[in-house]
Amino acid sequence: MSDTKSMMILPESVNPEEYSANMPPTQIRTETVFNKPRSINNNTATFRIENTGILDFKSSRLVLQANSTNGNDDKVAYVANCGISALVQTATLKCGKVICTSQNFGNYFSIVHNSFTSNNDKTEHDRYLYGTFNGFKVGIDNNNDNYKGISFAPSNSMKSTVNSLADTNDKGSSFSIPLSVLFPGFITTDIPLYLLSQNLEIEIVFTPENGIGDRAIICDNTATAGDKNTIAQDEVMLIEDHHFFSDMRMEQIREAYRQNGYSAPYNDLISTRDSLTNGVTTAVRSNHQISGAGKMVDSVLCANPITDGTFSCVTRAFGRYGSDSCLEKKTFNLVVNNKKQFPIDVSNMNVAIMNAIYQSMYGQNPVEIPYSLQCKLQKVGVNTDRTFNSQANYADIMGQLSYFGCKLDDVKVGNSPITLELLRHDSQTALKAQDIVSFLTIKRMFTITPRGSIEVSYS
């Protein structure tokens, strides 16, 4: 109970921890609401949340399921490193006005889940929550005599490990995304809905399905790149946890808000996406404006997802969410307020300095993931004779699942947007078709006025 209370937006004067035993009881009652969308189709879904109690962002979650098209039962599967997150292109939280937006959500989830989530969580928890399959172990070849990096765990069989899609709701599986993951800036913030004058709304834009790799991957040798999937609309819902104190305590909270209102900082994401030139073997340097003008920016996170639909990794493993960004082939610099952040490109720095820049994204506690997923001096993956999902070399995952970026520690950006200087080079094989996707973490201010309206501003 104390953990739940600590996450709530409560004025200090009515914080339950400040009261003695003679004060009104602080026990929390929770009501779980199964909220179906007001409107839904294969492209969008809209939810309206009733203004009752205090909404718990950590335990409330969006439930999604996709079905394969008729006749394609068990031939396609959720994307291995994203699960149902690949179904979401954009999520918007609003209350009269937009509070925060998660764009390119599948790519953001892929980066964070692969590089900032422990292997134990991936294999023991997240595969059941999100429908993912991206746990790794030390890999060896079929002769059991050559350790070559990382490999999938615990099995090579796609159908026994990754959740395939069925052609009916009952035969398929639904998974969920906590609101604190869908809107990462609100991970420690809950909203007192009963104080608001307008309803909170969530809008979901589903990822357009232009081909295999957008929302699903192939998991059967008889499947083709033209096989499709649809959103299982009857299964989509919000499961909301609304917390309540005693009537007396809830009224005290209301009165405190009426007198003083409430303000708190939070984070929002700004995402940009560009297509990059493919098929080149010489060094290619390009500049990309990645927004941030006039904002307070805390961090920059980028990746190069491969988009080539003929590549085994796209069709058989990671969809268009595999971040091909090992620094044997790539390096970067940032221009903020017309000044380069680093005197030389990051990969040309002393190894210790380079690692410090990358690991600044982890904070003080790097997660327990294989070193080859963190090290930027080697290709990520395993070039082995074993197969994954009927594809050799573990479906060409070599060079995958890496990010690049750094903490900026709340830099105030002027009128010019941040520029990413990117250098790509592969002298052995031509570069695959890929995008550059960036995410800026920006600081914003969230205010509940005495009248019950929500105001948002940039720090």
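Visitor: Which residue meets the side chain of K340 in a salt bridge?

Guide: The model is predicted. K340 lies in strand β22 (residues 339–340), and its partner, 81 residues apart from it, lies in strand β25 (residues 419–424). The N to O distance is 3.3 Å, and the cut-off is 4 Å, so the pair counts as a salt bridge with E421.

Visitor: Is E421 buried or exposed?

Guide: Buried means under 20% relative accessible area. E421 has a relative accessible area of 11%, so E421 is buried.

Visitor: How many residues apart in sequence are the parts that K97 and E455 tie together?

Guide: K97 forms a salt bridge with E455, with the closest N and O atoms 3.0 Å apart. K97 lies in strand β9 (residues 97–103) and E455 in strand β27 (residues 454–458), so the parts tied together are apart in sequence by 358 residues.

Visitor: Which residue forms a salt bridge with D435?

Guide: D435 lies in strand β26 (residues 435–448) and counts as buried at 10% relative accessibility. The partner lies in strand β18 (residues 262–275), so the pair ties together parts that are 162 residues apart in sequence. With the closest N and O atoms 2.8 Å apart, the partner of D435 is R273.

Visitor: Why is the sulfur of C406 too far for a bond with the closest cysteine sulfur, and how many disulfides are there?

Guide: A disulfide needs sulfur atoms within 2.5 Å. The closest cysteine sulfur to that of C406, in C302, is 8.7 Å away, so this pair is too far for a bond. The count of disulfides comes to zero.

Key: Residues numbered from 1 in each chain as written. Predicted model: local features only at pLDDT ≥ 70, side-chain atom pairs only at ≥ 80, totals over all residues. Heavy atoms only, no water. Helix = DSSP H or I, 4+ residues; strand = E, 2+ residues; numbered from the N terminus. Buried < 20%, exposed > 50% of the residue type's maximum accessible area, 1.4 Å probe, protein only.
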